[in-house]
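Thanks, everyone. I'll walk through a few parts of this structure. Have the viewer open, please.

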Amino acid sequence: MSSSRTRWRRAALVLVLVTAGAWFFSRLQDDLRAYEPSRLVLDRRGAYLGEVPGAGGELGYWPVPYVLPERIVQATLVTEDRHFYEHPGVYLPSVGRALKQNVRNLRVISGASTLAMQVARMQTPGARNLWHKVREALEALLLVHGHGHEKVLRQYLAIAPYGNRVHGVVRAARLYFDKPVEDVSWAQAAFLAGLPQLPGRMNPYSENGLRRALKRSHRILRTLHEQGALSREELERALGADLGLVPRPQRMPEALHAVLEWSALARSRPQPISTATLDLEIQSKVANVLQDNLNRLDGSGAGNTAALVVDTETGDVLAYVGSRDFFNEEHRGAIDFVKQRRSPGSTLKPFIYGLALEKGVVTAATELADTPMDLRTENGRTYAPENVNHSFLGPMLLRESLGNSRNIPALRVLEKVGVEPTLRFFEKAGVGRISYEPDRYGLGMAVGNLHVTMEELAGLYLVLAHEGETRPLRRFVDEPMAPSRRLMTREAAQLVRHILADPLARRPTFASGSALDYPYAVAVKTGTSQGFRDAWAVAFSDRLLVAVWVGNHDWRRMNGLGGLLGAAGAVHQILDAVMPVWRPYRPVLDTFPPPMGALAIDVCPLSGRLSGPECPHRKSEWFVPGTAPTQTCPFHVGVRLDRRNGLRAGATCAEREVVTRVMLALPEEYAQWARRQHLDIAPLRESPLCPSRPEELEPKVAIREPKGTVRLLYDPDTPASASTLRLMADVTPSTEPIVWLVDGVPVATVTYPHEFRWSVRPGQHTITAAMVHRPQVSQPVTVVVED
């Protein structure tokens, strides 16, 4: 009975030992682990930009070259495992020697670790005890048996710790000497080979650590000499050589947003080292200009700024400043304003004009009315847009309308092009998050209610720089050039670019000598969002594109600070600082040429038609073939006047009562503007003393302003003299007086031009206009004034 129990116990013990052994051996690692490498990002000149950590938040784990560097191999083997190629992973003489030392001293003096055992320990870290040492030895045997000596050596060189969170000799050579591992000297190879044994105590960036590391490296060099790897002359030269240690790489404070941007992109790139298009020398210059600009604007309510500098030819991003100071909490410097969607103000106007030129609905000399207009919103309300300086310039040619950045003409042009076709253009050009909800933007898109990022804005202006074709932004120098797409006809883009570079087209809004005037060819546009919340300027030359934004993170209003005063000066300084060093071998372009094949024709600068004999001035304008005007100017004409009252002489006037004068004959839409400018214009009214066809004039009256149902908000704090609504009527014959009635009560009797400003009051009101001497009455208009 007892012998039977003994047999069962032995069998159970054997089963337990076999099971434990099987479990133990099953947990042994016999593969060479792959580690996620870090990604180093350099600027285009090779300067350190940033690095994305790899496995465990460490740096390195870069693959070693296909041909192992001989100096590194010899220095490493003489340091870590001189008999590496002579044993299967465990060197028994060293094991015996280590056991004797450890038993004699009753503590661990030597571990007898071979290079393969170190690889096993790095791949499966654990406590340094006998159990783990046995495991390391077994795994080392498996690694050498399964992969061979060279692959194990490669694994060691790829994952060994070299201090400062760096793993692998390839990354270590780049960190400490800023060179490829293939190019290290004997002194540098010995220095690197000694670091893995005590990487914390031999930190090259501390005085004591560097001293220990150098002492260790000299010992390694002497050992290499003893083994015949170095001659006496090579040894002496290596011992006396300058190590060539480079300073610890530091991220540029002015480029932290760029570091984050490029680091995120580098994560998906296969190679461990990526060269960005960024130029840190230019980055530093741009950051300094932006800071100086904010200092100059102190007191204007501007809290933050951002900028992009792009190579016009390639689309390479050369500078990327996301905010004034990444660590500024008051102004939320950690926000990257290059990527924030903001109102672009007037910076989208050139593309609206370009689309109109492309469709042929306008030319550069098309007359556009810069006069008051009413717009209706999707909820039926009307509002009167204004120019940023609250003034109007009357009839303007398209060139001057764009150059002066007038709002009202831009709205009229967008009305001709259409909102939806314009939105489709911007979407194709790369503007994101566009909504096609009806009336989401309306004509307000011309003045900035389609929000864009600075990157998108730069991409749009590259379309103009490349004559209507896209040129996507590039972030890495080895990034292939994306194929271009045509978004606008070459002629339209060339003409818009020509206008934006024309200093005379900006007069009188932008005075001569402002930040918009350059001594070389620069197409420039400013933008100011509603309420002075954003100030923009974008400019491009034949080689650089610069975009600058100034504003606040919380959309707070600035103190009347617009694109000209807030951003254009910084753009000018950046171009002046960078242009001389960017492609200096190529002459700077003095002017942007007009469209190819375009004809220069003299036109009247007021009407845009062919200059007539009565026109006091003329200007030359460029026209694509087939678009030149054929009509003579109708604005400067000889007008027959009744000398008795100065009104137009009708056909029935006796010649003795008629005098002919050359006058400015403007359409009726300019009448109010002309009077405010005190212009001597031809009268619109015909003399009642001698009308042309009195029997054919059918009396009628119609309200021209306001139209439809108008909703207004009443502000009790606003003086009554300022809370007024303009009433205008068309009356035939124009000599007839009318009376304005509000809710049936007469409020004013007026003659030509039949206008009156009514002081509004809360409530719903019905407005009509009636002739004083005739029974004709206009259709009523409803005005709702909400309290």
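Helix H19 packs its buried residues against helix H12 (280-296) and against four strands: E6 (304-311), E12 (523-528), E13 (534-540) and E14 (544-551). Keep in mind that this is a predicted model.

Which residues of H19 are buried? The list is Gly563, Gly566, Ala567, Ala568, Gly569, Ala570, Val571, His572, Ile574, Leu575 and Val578.

Now the length of H19. The helix covers residues 563-578, 16 residues in total. At 1.5 Å a residue the expected span is 22 Å, and the end C-alpha atoms sit 21 Å apart, so the two agree.

Two of those packing partners deserve a look: E12 and E13. Five of the six residues in E12 are buried, so that strand is mostly covered. E12 pairs with E13 in the antiparallel sense, over six bridges. One pair to click on: glycine 527 has tryptophan 536 of E13 as its bridge partner. The two strands make a hairpin with five residues between them. In that hairpin, glycine 531 takes a positive phi near 75°.

Next, the loop between H12 and E6. Serine 300 is found there. Is serine 300 buried or exposed? Its relative accessible area is 12%, under the 20% cut-off, so serine 300 counts as buried. A polar atom of its side chain lies 2.5 Å from the backbone oxygen of leucine 297. Leaving aside neighbours within four places in sequence, serine 300 is in contact with Met558, Asn559 and Leu561.

On to strand E1, residues 39-42. In a regular strand, side chains alternate between the two faces of the sheet. In E1, Arg39 and Val41 point one way, while Leu40 and Leu42 point the other way. All four of these residues are buried, and that includes the arginine.

Which strands does E1 join? E2, residues 48-52, runs antiparallel to E1, with four bridges. There, arginine 39 has valine 52 as its bridge partner. E1 and E2 form a hairpin, again with five residues between the strands. Glycine 46, in the turn, has a positive phi of about 90°. Then there is E5, residues 273-275. E5 runs parallel to E1, joined by three bridges. Leucine 42 stands opposite threonine 275 in E5.

For another arginine, go to helix H9, residues 207-226. Arginine 219 is placed there. With a relative accessible area of 44%, arginine 219 is partly exposed. Arginine 219 and glycine 50 are 169 residues apart along the chain, and their C-alpha atoms are separated by 35 Å.

Last stop: an open sheet of five strands. What is the strand order? Reading across, the order is E20-E26-E25-E22-E23, and the pairing is mixed. E20 (709-713) and E23 (745-750) stand at the edges. Each has a single partner strand, so one side of each is left without a neighbour in the sheet. Ignoring direction, neighbouring strands here are turned by 25° against each other on average.

Zoom in on the E23 edge. E22, residues 738-742, pairs with E23 in the antiparallel sense, over five bridges. Within that pairing, leucine 741 has proline 746 of E23 as its bridge partner.

That's my tour. Over to you.

Notes
Residues numbered from 1 in each chain as written. Predicted model: local features only at pLDDT ≥ 70, side-chain atom pairs only at ≥ 80, totals over all residues. Heavy atoms only, no water. Pairing = 2+ DSSP bridges. Axes fitted to C-alpha atoms, helices over the stretch in contact; angles between N-to-C directions. Expected span 1.5 Å × (residues − 1). Buried < 20%, exposed > 50% of the residue type's maximum accessible area, 1.4 Å probe, protein only. Contact = heavy atoms within 4.5 Å. Polar contact = N/O pair within 3.5 Å; in protein donor to acceptor, adjacent residues only side chain to side chain.
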